[in-house]
Amino acid sequence: MSSEERRQRLNFSFLKQCVERRPMVPIQQECLDSILSRVPLHLRQGPGRQELVDLLCQEVREEFRSSMVQHTVMEMSRLWHDSFVRNRKKIGENLHILQPVMRTILDLCHTTFSGLLLIDFSNCRSKGPAECENLRNKMVVECERMEDKLLNTWFPKIIHLLTSKELQQSIKPEKLDSLYNCASTLISNQLRDLVTRSVQDFVSLFQPERALELPLFRMDLIFDHEKMEFYPTFEDLELAVLDMMIQISNTMQNVQTVQSWLAEGQKSCVDAKVADHVLTWAQTSLRSAVRRGLEGPGQHFQSYAERYDWLVDGRAEARVQTFVGEEHSFDEYIELEEEFRNLSREIMSQPTVAHFPMVRLDCEELKQGLAKKAMTFSEILLEQLVIRQRRDNLQLCKEFETIRDKVLRVPETTEEMTALVAFITHSRTKGMEGLQVQLLEMHRRLNILLDLHIFEPEDLDLNSTVLLWPRNMLPIFDEGDEVVLSAKSKGEEELLMRRDRLAFELEKLGHRLEEFAECSELEMMPQYVADVKGVQKRIQEAEEAIGFINKEEKLYEWDLTSYPVLDTIKENVDPYHKLFGLVLKWQRTEKKWMDGSFQDLNGETMEVEVDEFFREVYKMLKSFKQKQKKAEQEARLPPGSTTEDSPSVQICSKRHWTEMSGIVGYDLTPDSGTTLRKLLKQNLFSYLEQFEAISVAASKEFSLEKAMQTMVEIWDDVAFNYNPYRETGVSILSSVDEIQTMLDDQIVKTQTMRGSPFIKPFEAQIRVWEERLIRIQDTIDEWLKVQAQWLYLEPIFSSEDIMQQMPEEGRLFQTVLPATSLPGLLEKLQDSNDLLDKIMKGLNAYLEKKRLFFP
């Protein structure tokens, strides 16, 4: 580039900038009016045409200003002129839009599309509510129908214009393809404008100002799977509306280009797609409008949820189950059942249809579901009441049947007959009154349930049976009276027969008692005892029979029969029972002594038993006035039963048996096989006097030993009493008079026992015991003396003073003082023989010192 050209370009840029910055005179209105006058009037009229004219005028203004800026700085040189001429020629050859046919096509498109929408929703609302899916399908059909219509009417006219002979002759063949491209572009713009306007019109339907033109969508509130829901759901409705808009935008997308139509080969279509920003705007606007239009239905649904959600979320079921699991009265059941029944009525009274600008909401299915749910709980409660009614009816029938069975049951005893009479009397009055109250209640319940529930035939029969029981009981009571009269007659006859049998039995007992006077064989004693027991058993049975007869007589209100002969029999049989029993007891005791183990024999016990037998036999001899006969029996007593040698059997120790063995010359010590009979067979009667001396000595020794053990054991429960003396902290002995009396008594007894000739085996033990008793007595005496002196001096000198003045003696004193029982005192004293002497000496010395100051 030459410097001149560079300079020109710089100048041009500078001038251009200056021109662009300066204000420009806009196009004159006269020019615009002139331009508009060239446009046919019918193209400027119609909906939306004024907005289009304004838009085109604004575009002309902007183009005029741009051209003025460009031409102000344009260099009017030869170079620019040549370029201008070339470009004008090129435009003349290639700018097909200026062809008359293009204007005709544009006029045809305007005429066809100016008042056209792909879908006309103006009459949709008048046809009533529609299912969104049906409306969508209908719209698809309408879009397809409109597309087919245009392709069959408008598009053929376009093709005819572009394929006419006049056009073919006026255009060079090589320019036809570009002409067709221009026509396709023009068609594409017109179709895109049609689809865009249809989309915009569909979106505008959902705006409030066109609410009366908006199609009315049908929605249902349903009750499905124990849930309250919308059908279709909000999401489904929104998707359906958006799908309608997409379906509109996809219409007229199958219009072929002119070349494709003429070639009849590979199909290619003109571009009629709506701009993306328009689609985005449409989707956003529709979502917002649909959601705004669904607010009313949502609030209506929420009102159902707030009032009736507890029916389906488990709360109502839990309430009913808890109520059924508890104890409640019939009226409480009816109250809750009526609550659910009224709730069902309330639900059914709600409006079936709710109208909103965009939605017609049908609530019938939801109402039916909720009402049925409420009635389900009502039926559960009614079923419980029916079950209770059936159970109570069966219980009442059972009570009536029990009364009937008892009234008609034949009594087997007089008690049963008397009880039956009382039962019939009670049942006729108070019993039936109580049942009548229950029947009235059952009748009241039945009247309520009949209005609410359809009973099964068997339940109706059961209710009828219950209500008819009082009437059916009248002949049953009459029949029961007859049963009582028959049982009473039969019972009186049996009572008379019992009297006769008892009199005969008492007569037999009297004869049997007389036979006992002849029973004198000793070997028959077991049999005699058994016979006496048999008679006693028959006497007991007779007493029971008399008691039964008297009780029966009392029940029949007869005079009671007395039987004094039975008392006489009882009085006479007791002596025989005692006699035969005593003899049998003696026989068994004798055998035990004679044949039992000798080591088990106790002489003292044997002596006591023999004396007791003797006394009893003596009494019986006196009562029977048979002294001679019983004396002979006494003479036949076993020789071993005397009391001369009985004490020596158990008392003798080993040394006594050794002494006895030395007398006879062989060992008499008994073992487990020794018996009294064996000893008697050894003919030891010649040594009896010597054995008696040994036995007496053994008995005396045993008595002395036992007496000494008794004295020792007495002191185990004897305790010294001591009480705190004032506030010194020292306890003093008290209430020792009883102990001193016991000591004096035992010392005398011990000294007497020590002087006995039989004390020799226990002489050492008795001496030790005597010394201990005397020492205890002396200790207590000295103790009381010391205690008396201390009590005299204590107000002046305390125990602490004693401890300070005489620490050793005070320590000993405090050591012995807590002993509270005799064994405890002896245990402390035995540690040191001179302990008491030290205490006494120390206290006496202490007292002597005190007397110097307090004579």
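User: Leaving aside its neighbours within four places in sequence, which residues is Glu 770 in contact with?

Analyst: A word first: this is a predicted model, where local features need pLDDT of at least 70, side-chain atom pairs count only at pLDDT 80 or more, and totals for chains, interfaces and linings use all residues. Residues are numbered from 1 along each chain as its sequence is written, and side-chain values use heavy atoms, with hydrogens and water left out. Glu 770 belongs to helix α28 (residues 763–793); helices (H or I, at least four residues) and strands (E, at least two) are DSSP runs numbered from the N terminus. With contact taken as heavy atoms within 4.5 Å, and neighbours within four places in sequence set aside, the partners of Glu 770 are Thr 750, Gln 751 and Arg 754.

User: Is Glu 770 buried or exposed?

Analyst: Buried stands for under 20% relative accessible area, exposed for over 50%, and partly exposed for in between (1.4 Å probe, protein chains only). Glu 770 has a relative accessible area of 10%, so the word for Glu 770 is buried.

User: What percentage of the residues in the protein are buried?

Analyst: Let's zoom out to the whole protein, with its 32 helices and six strands. There are 855 residues in the protein, and the buried part of them is 37%.

User: Among contacts between residues at least 6 apart in sequence, what percentage join residues at least 24 apart?

Analyst: Start with the contacts in the protein whose two residues are at least 6 apart in sequence. Then keep those that join residues at least 24 apart, and the share is 78%.

User: Which strands does β1 pair with?

Analyst: Two strands pair if DSSP finds at least two bridges between them. β1 and β4 run parallel and are joined by four bridges, with Phe 217 standing opposite Val 359 of β4. On the antiparallel side, five bridges link β1 and β2, and Ile 222 faces Glu 229 of β2. The partners of β1 are therefore β4 and β2.

User: How many of the eight residues of β1 are buried?

Analyst: The rest of the structure largely encloses β1. That description holds because the count of buried residues in β1, out of eight, is six.

User: Which residue in the hairpin of β1 and β2 takes a positive phi near 55°?

Analyst: That hairpin has two residues between its strands. One of the residues in the loop is Glu 226, which has a positive phi of about 60° although it is not a glycine, and is partly exposed at 39% relative accessible area. The other one to look at in this loop is exposed, with a relative accessible area of 68%. The residue with phi near 55° is His 225.

User: Which two residues does a cis peptide bond join?

Analyst: Follow the chain into the loop between β2 and α10, where Pro 232 has its place. The omega of the cis bond is about -5°, and the bond joins Tyr 231 and Pro 232.

User: How far apart are the end C-alpha atoms of helix α10?

Analyst: The expected span of a helix is 1.5 Å times one less than its number of residues. Helix α10 (residues 234–249) has 16 residues, so it should span 22 Å. The distance between its end C-alpha atoms agrees with this, at 23 Å.

User: Which elements do the buried residues of α10 pack against?

Analyst: Buried residues in α10 include Leu 237, Val 241, Met 244, Met 245 and Ile 248. An α-helix has 3.6 residues a turn, so residues three or four places apart point the same way. The buried residues of α10 pack against α7, α9, β1, α12 and β4.

User: What is the angle between the planes of Phe 230 and Phe 301?

Analyst: Rings of Phe, Tyr and Trp (its six-membered ring) pair if their centres lie within 6.5 Å; planes under 30 degrees apart count as stacked, over 60 as edge-to-face and the rest as tilted. The whole structure has twelve aromatic pairs. Phe 230 lies in strand β2 and Phe 301 in helix α13, so their pair ties together parts 71 residues apart in sequence. The two rings are 5.2 Å apart centre to centre and form a tilted pair, with an angle between the planes of 40°.

User: Which helices hold Phe 340 and Phe 377?

Analyst: These two form a tilted pair, 5.4 Å centre to centre with 45° between the planes. Both Phe 340 and Phe 377 are buried. Their pair ties together parts that are 37 residues apart in sequence, because the two lie, in that order, in helices α15 and α16.
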